Structures are given as C-alpha cells and as structure tokens.
Amino acid sequence: MSDTAADSAWRLPDDREAVRAALIEWYEDDHRDYPWRRTDDPYEILVSEVMSQQTQLDRVVAAWEEFLERWPTTADLAAADRADVVGFWTDHSLGYNNRAKYLHEAARQVESEYGGDFPETPDELQELMGVGPYTANAVASFAFNNGDAVVDTNVKRVLYRAFDVPDDDEAFEEAAQELMPEGRSRVWNNAIMELGGVACEQTPKCDGAGCPWREWCDAYASGDFTAPDVPTQPSFEGSRRQFRGRVIGTLREYDELELDALGHRIRVDYAPDGEYGREWLEGLLSDLEDDGLVETDERDEDDEFVARLRR
DNA sequence: ATCCCGACCT
DNA sequence: AGGTCGGGAT
C-alpha cells in the first residue's frame with residue numbers, strides 16, 4: 001500500500017476522551033455569545049450560516065436580527081420578492097448576492113418540498129439550494145444535534161496543527177469524524193470552531209485563550225504554527241465582482257434602466273463602443289441574468305435595451 | 001494588502 | 001480540478 005497523504009502517519013492522542021472533555025468544558029465555560037447560538041430553529045441557523053460564510057461574525061449579528069424580523073419564517077421568505085431579498089443583502093453589505101438568491105430559493109424548497117418543516121439529516125439538507133457539506137452539517141448539528149463533524153477552514157487549521165493531520169480533504173474528514181463524540185454534534189461543532197476562532201487563529205493565542213489542547217498539541221510542542229494554505233482571492237478593486245455589485249446597487253434605485261445609462265452609472269470610464277462598453281456590460285448582465293438576479297428586455301420599437309432587478 | 005464558519009457551475 | 005462569486009474591517 002502506498003503512503004498517500006490520506007493514510008500517512010497522523011494519529012489522534014490515545015487519551016481521546018480526555019481530549020474531547022477538555023474542549024467541551026473549555027467551550028461551555030466561556031464562549032462568544034452570538035444570538036444564533038441560543039436558538040435551535042433550523043431556519044434561523046441557516047440564515048446565520050449563509051450570512052457568515054464570508055462575512056465577519058460581528059457584522060452578521062445586526063443583519064441576522066433584522067433579516068429574521070422582516071422574514072421570520074421560511075413561509076415569509078418564500079413569499080418575498082427576490083428583489084427585496086437581494087436588496088436587503090446589498091443594504092447590509094453581506095457580499096455575494098447569489099447567497100441571497102440561494103436562501104430565498106431554499107426557503108421555497110422547504111415550503112414546497114417539505115411542507116414548511118426542515119429535513120433533519122445532512123444528506124437531505126444538502127438538497128437545499130446553496131447548502132453544501134459544511135452548511136448541511138452545521139444546520140443538522142445546531143438545529144437538531146444530528147450532524148456529522150463539520151470541516152471548515154477553522155477545523156482544518158486546528159487538526160493540522162494539533163494532530164499533524166495532512167492538508168488533504170479526506171484526512172480532515174476522517175480525523176474530524178473520529179474525534180467528534182457520538183451524538184454530540186451540537187456542542188462539539190460549536191466548540192471546535194470556537195477553538196479555531198478565538199484560540200487557534202492564524203496567529204495563535206494558545207496561552208491567552210487558555211487552549212484546552214496544549215498538552216496534546218504538536219504545534220504547541222514544536223512551535224511550528226504553520227497552517228494549511230487558504231487560496232488567496234484576487235484583489236476586489238476593479239474586479240468583475242465589484243461591477244456586479246454596482247449593477248445590483250444601481251438597479252435598486254430605478255424601476256428599470258437603459259443599457260448606456262446603467263453603464264455610465266457603474267463606471268466613469270464607460271464608453272458604449274469602448275473596451276468597457278455595451279459588449280462588456282451585456283456580458284455582465286447576461287451572467288447576472290443566469291444567476292437569477294437581473295432580467296433584461298429588448299424593446300423592438302425604439303431599439304431600447306433595458307435591465308431591472310428580477311422580482 | 002489580508003482576512004473572513006463555502007458552494008456552484010463547467 | 002479550477003474559476004467565479006462582494007465588500008467591510010483591520
């Protein structure tokens with residue numbers, strides 16, 4: 001048998017129960033008190049997970065509360081106009097508008113396919129739009145205490161440092177699952193992500209945060225706190241994403257807008273026949289249309305091409 | 001500049 | 001397997 005990354009010589013401490021107990025005790029003793037940690041409503045959990053996928057938690061709190069005040073249940077959200085949900089997303093600077101669409105669509109799925117009651121297993125949850133392996137396990141865990149071990153960038157960093165688990169998705173899955181105490185996914189997944197969030201950060205605070213795993217941690221022993229590579233994103237300034245965001249933001253202010261008018265409002269160097277002109281803008285709008293965020297209309301009479309937010 | 005509790009489509 | 005998707009905070 002070859003010594004691939006997945007079956008290389010990592011192993012968890014023998015004293016596994018002690019490792020588990022130490023982390024859970026550490027978490028229960030003190031942790032950040034985010035409001036979604038005090039609910040077991042799967043819809044409220046899902047909203048928090050989707051919002052926090054690429055947005056800092058401290059900025060999510062207010063948005064989460066307002067979102068649930070406006071659309072308290074999946075039935076409310078399913079009945080909403082997509083333009084309003086996307087608008088809310090933009091107003092609260094929650095990033096990727098696609099996620100607003102996913103959430104809206106997922107709410108409709110829960111209503112139409114599950115009669116308003118969320119499915120309770122990770123596999124079923126993954127069928128919901130925008131819900132992948134991570135989010136499915138998070139919702140199953142935090143709402144139903146019925147998830148498998150979550151593996152996100154925090155968990156990877158912790159496992160990589162503490163137990164020398166190689167930077168390999170299979171290995172992370174296996175190690176995480178082996179470590180999680182059976183039937184305790186709610187507290188466990190909260191705890192291990194909290195560890196990655198407040199102690200085993202990019203720059204670790206082992207002693208400051210009172211890390212409960214110091215006695216077992218390979219990195220703490222060796223002083224090597226290298227972390228798995230997280231792919232760095234290209235700069236946002238001048239990116240395509242930036243202009244997508246501007247299109248959404250601009251179309252919110254108008255019922256509909258003609259192509260050139262829109263172009264001039266999203267970039268100062270817009271020139272209909274230039275490098276960033278109609279052709280470029282139509283490509284952008286075409287993608288936004290495929291994403292279900294925008295609709296366009298060609299009017300034969302005056303040969304006018306208009307765009308508006310999709311309802 | 002870099003960070004931030006992934007998922008989708010091809 | 002790789003490319004794409006926002007934007008505020010630090």
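1. Let me start with the span 51–198 of this predicted model. Residues 51–198 are 68% helix and 0% strand, and the C-alpha atoms at the two ends of the span lie 19 Å apart. The label comes from the record: an unreviewed UniProt entry annotates residues 51–198 as "domain: HhH-GPD".

2. On to the DNA, beginning with strand B. There are 20 residues around DNA strand B, and those that come nearest are Glu49, Gln53, Arg99, Tyr134 and Thr135. Of the strand B atoms that come within 4 Å of the protein, sugar and phosphate make up 70%. By residue class, the surface near DNA strand B holds seven nonpolar, nine polar and four charged residues.

3. Which helices supply at least two residues each of the surface near DNA strand B? They are helix 6 (97–114), helix 8 (133–144) and helix 9 (153–163). Helix 8 gives the most, with three residues.

4. A few polar contacts to strand B are worth a look on your screen. An N or O atom in the side chain of Arg99 is 2.8 Å from a base nitrogen of DNA strand B. Gln54 uses its backbone instead: a polar backbone atom there is 3.1 Å from a base oxygen of the strand. At Gly132, a polar backbone atom is 2.9 Å from a phosphate oxygen of DNA strand B.

5. Now strand C. DNA strand C is surrounded by 14 residues, and the closest are Gln54, Gln56, Asn97, Arg241 and Arg244. Sugar or phosphate accounts for 58% of the strand C atoms within 4 Å of the protein, and bases for the rest. The surface near DNA strand C divides into two nonpolar, eight polar and four charged residues. Helix 13 gives the most to this surface, with four residues.

6. The side-chain contacts to strand C touch several parts of the DNA. Gln233 has a side-chain N or O atom 3.0 Å from a base oxygen of DNA strand C. A polar side-chain atom of Arg240 lies 3.1 Å from a phosphate oxygen of DNA strand C. For Arg59, a polar side-chain atom lies 3.1 Å from a sugar or linking oxygen of DNA strand C.

7. Inside the protein, the rings deserve some attention too. The whole structure has ten aromatic pairs. One of them is Phe243 with Trp280, an edge-to-face pair with 5.4 Å from centre to centre and 85 degrees between the planes. This pair links distant parts of the chain, since Phe243 is in helix 13 (residues 240–251) and Trp280 is in helix 15 (residues 278–290), 37 residues apart. Elsewhere, ring pairs link Phe67, Trp71, Phe88 and Trp89 into a cluster.

8. Why is the pair of Tyr276 and Trp280 edge-to-face? The ring centres of Tyr276 and Trp280 are 5.6 Å apart and their planes are at 85 degrees, so the pair counts as edge-to-face, the cut-off being over 60 degrees.

9. Are Phe243, Trp280 and Tyr276 buried or partly exposed? Phe243 is buried at 6% relative accessibility. Trp280 has a relative accessible area of 17% and is therefore buried as well, because buried means under 20%. Tyr276, at 28%, counts as partly exposed.

10. Lastly, please look at Arg267. Its charged end sits over the ring of Tyr276, 3.7 Å from the ring centre. The charged end of Arg267 also sits over the ring of Trp280, 4.8 Å from that centre.

Methods. Residues numbered from 1 in each chain as written. Chains lettered and ligands numbered in written order. Predicted model: local features only at pLDDT ≥ 70, side-chain atom pairs only at ≥ 80, totals over all residues. Heavy atoms only, no water. Near = heavy atom within 4 Å. Polar contact = N/O pair within 3.5 Å; in protein donor to acceptor, adjacent residues only side chain to side chain. Nonpolar A, V, L, I, M, F, W, Y, C, P; charged D, E, K, R; others polar. UniProt positions renumbered as here; feature names shortened; annotations may be inferred. Phe/Tyr/Trp six-rings, centres within 6.5 Å; stacked < 30°, edge-to-face > 60°. Buried < 20%, exposed > 50% of the residue type's maximum accessible area, 1.4 Å probe, protein only. Lys NZ or Arg CZ within 6 Å of the ring centre and 35° of its normal.
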